[in-house]
Amino acid sequence: MMQTRISKLGFPVKVMARDDLKSNDARRAASNPHLKVSLTYIDAILDHLAKHDILMYRMSSDLAPYATHPDMPQFHGMVGESRSELEAIGRKAMDLGIRLSFHPSQFIVLNSPDPALVKKSIADLVSQAEMLDIMGLPPEAVLVIHVGGTYGDIPASRQRWIETWATLPEPVRRRLVLEHDDLRFSAGDVLWIHEHTGVRLIFDYQHFWCLNPERADLRQTVERILATWPEGQQPKMHFSCPRTELREQVRVDKKTKKKTTVHVAPVFTGHADFVNPFEFSTLMRTLDGLDFDIMLEAKAKDLALLRLRPDLLRYAPDVAARFGLEPSEAPELEAEEDEVLEEVEVAGGA
C-alpha cells in the first residue's frame with residue numbers, strides 16, 4: 001500500500017485550547033439533555049477545527065445523552081428527533097474535509113458471557129451508527145471498539161466476539177472497527193478475529209509496545225492491519241507516547257497523622273500529555289510509503305496537536321511533509337501554539 005494522500009491528524013473529544021467549547025450536553029437527566037444541544041457544540045467545534053486546519057475529530061460517545069438507557073424511554077427518540085441537525089453537521093464536516101468518528105466507551109463489550117450486557121452494547125452501537133448514517137458520512141467515519149474481557153480464556157473470548165459479530169445489524173458491521181489493547185488482546189488477536197469476520201482493524205502504536213506476545217514486527221503488523229481496509233478507504237491509526245514523569249504524592253498515616261512524600265513511578269500504559277516528536281518521526285519513517293490518518297491520543301488533546309506540527313517542521317521536515325506542512329507555515333503554526341501554550345526555557349541536562 002503506497003501513500004497517495006496527505007495524512008490527517010486528529011484528536012479526541014475535549015477541546016483544551018478553548019474552555020468555552022463543550023463536547024456534549026452533559027446535564028443530568030432531570031435537566032432533559034438532548035442530542036440537539038450536543039450538536040450545537042459540535043458545530044462550534046467544527047469551526048475551531050477549520051480555523052486551525054485540523055481535519056480529524058473523535059466525537060464524544062455521550063453525544064446523545066441517555067439515548068439507549070433502558071430505564072429512561074423518554075430519551076430514546078432523540079436521534080430521530082435530531083435528523084435535520086445531524087444532516088447539517090454531516091454536510092458541514094464533509095464540506096470542511098473533517099473526518100469524524102466515535103470511540104464507544106469501555107462498557108461496550110461484545111464478547112461478554114452475559115447476554116444482557118451484549119444486548120445493551122449492541123443497542124449503543126446501533127444508536128451511534130445511526131447518527132453517522134444520518135449525517136451521511138463516508139465509510140471512514142467509524143465506531144472504534146476493543147475486543148472486551150478475557151474472562152480467563154482468551155481463545156473462548158475471541159470466539160464469542162466472532163459469534164456476536166454475526167448477529168450485529170448491518171449498519172453496525174459497516175461502521176465497526178476493532179482495536180487491539182494494552183493488556184488483554186494483542187494485534188495478533190485482532191488479526192485472527194479479522195480473518196474470521198472481515199472486520200476492519202485499527203493499529204495502536206503504544207498498545208503494540210505494551211502487548212506483543214507474538215514478538216511481531218512493527219511494520220509488518222501495520223501493513224497487515226492497513227490491508228483490512230477496503231481499497232479506496234483511508235485507514236487510520238492511534239498514536240500516543242507513554243507517561244514518563246515522576247509524580248510526588250503526600251500520604252498521611254491514619255494513626256499518627258504524619259505526612260510522608262512518596263515518589264511514584266509512571267505506568268507505561270498511561271498516555272503522555274504531549275507527543276514526543278522524535279518518537280513520532282521515527283515511526284513515520286519506519287512506515288514510509290504506507291497510507292493512513294493518525295488520531296493523537298495524548299492527554300493534552302488539541303494542545304498536543306498544535307504543538308506537534310511546528311515540532312515536526314523544526315525537527316523532521318520530511319515527516320511534516322506527509323501531513324501537508326510546508327516550511328513557510330512554521331511562523332504561523334508557532335504563533336498558533338504560542339496563543340494557547342507557554343514554554344519556559346530550562347537549562348539542559350539532568
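A salt bridge is a side-chain nitrogen of Lys or Arg within 4 Å of a carboxyl oxygen of Asp or Glu. In this predicted model, a search of the whole structure finds 23 salt bridges. One of them joins D293 to R99, with the closest N and O atoms 2.8 Å apart. The points below describe selected salt bridges, a buried charge without one, a pair of helices in contact, a residue of helix α3, and two residues with positive phi.

**Salt bridges**

- The bridge between D293 and R99 links distant parts of the chain, since D293 lies in strand β10 (residues 293–296) and R99 in strand β3 (residues 99–102), 194 residues apart.
- D293 is buried, at a relative accessible area of 2%, and R99 also counts as buried, at 7% relative accessibility.
- R175 and D133 form a salt bridge through their side chains, at 2.8 Å from N to O.
- This pair, too, connects distant parts of the chain: R175 belongs to helix α6 (residues 170–175) and D133 to helix α4, with their positions 42 residues apart.
- R175 counts as buried at 3% relative accessibility, whereas D133 is partly exposed, with a relative accessible area of 27%.
- R307, D311, R314, E334 and E337 are joined into one network by salt bridges that share partners.
- Within helix α4, K120 and D124 are separated by about one helical turn because they are four residues apart.
- The side chains of K120 and D124 meet in a salt bridge, at 3.5 Å from N to O.
- K120 is partly exposed, with a relative accessible area of 40%, while D124 is buried, at 14%.

**A buried charge without a salt bridge**

- E140 is located in the loop between α4 (115–135) and β4 (143–146).
- Although buried, E140 has no salt bridge, and the nearest side chain of opposite charge, that of R5, is 4.9 Å away.
- That distance of 4.9 Å to R5 does not satisfy the requirement that the nitrogen be within 4 Å of a carboxyl oxygen.
- When neighbours within four places in sequence are left aside, E140 is in contact with R99, L100, G232, Q233 and Q234.

**Helices α11 and α13**

- Helix α11 (residues 302–315) and helix α13 (residues 330–340) have axes that come within 9 Å and cross at roughly 145°.
- The crossing of α11 past α13 is left-handed.
- On the α11 side, the contact is made by L303, L306, R307, R309, P310, L313 and R314; on the α13 side, by A330, L333, E334, E336, E337 and V340.
- By class, the residues of this contact comprise seven nonpolar, no polar and six charged.

**A buried residue of helix α3**

- I89 is part of helix α3 (residues 83–96) and is buried, with a relative accessible area of 4%.
- Not counting residues up to four places away in sequence, I89 touches L39, I42, D43, L46 and M135.
- I89 and K299 are 210 residues apart along the chain, and their C-alpha atoms are separated by 26 Å.

**Positive phi outside glycine**

- Y151 is a residue other than glycine with a positive phi, near 50°.
- Y151 is found in the loop between β4 and α5 (154–165) and counts as partly exposed at 43% relative accessibility.
- K257, likewise not a glycine, has a positive phi near 65°.
- The place of K257 is in the loop between β8 (247–252) and β9 (259–264), and K257 counts as exposed at 59% relative accessibility.

Notes: Residues numbered from 1 in each chain as written. Predicted model: local features only at pLDDT ≥ 70, side-chain atom pairs only at ≥ 80, totals over all residues. Heavy atoms only, no water. Helix = DSSP H or I, 4+ residues; strand = E, 2+ residues; numbered from the N terminus. Buried < 20%, exposed > 50% of the residue type's maximum accessible area, 1.4 Å probe, protein only. Lys, Arg positive; Asp, Glu negative; His and termini not counted. Contact = heavy atoms within 4.5 Å. Axes fitted to C-alpha atoms, helices over the stretch in contact; angles between N-to-C directions. Left-handed = near helix turned anticlockwise from the far one by under 90°. Nonpolar A, V, L, I, M, F, W, Y, C, P; charged D, E, K, R; others polar.
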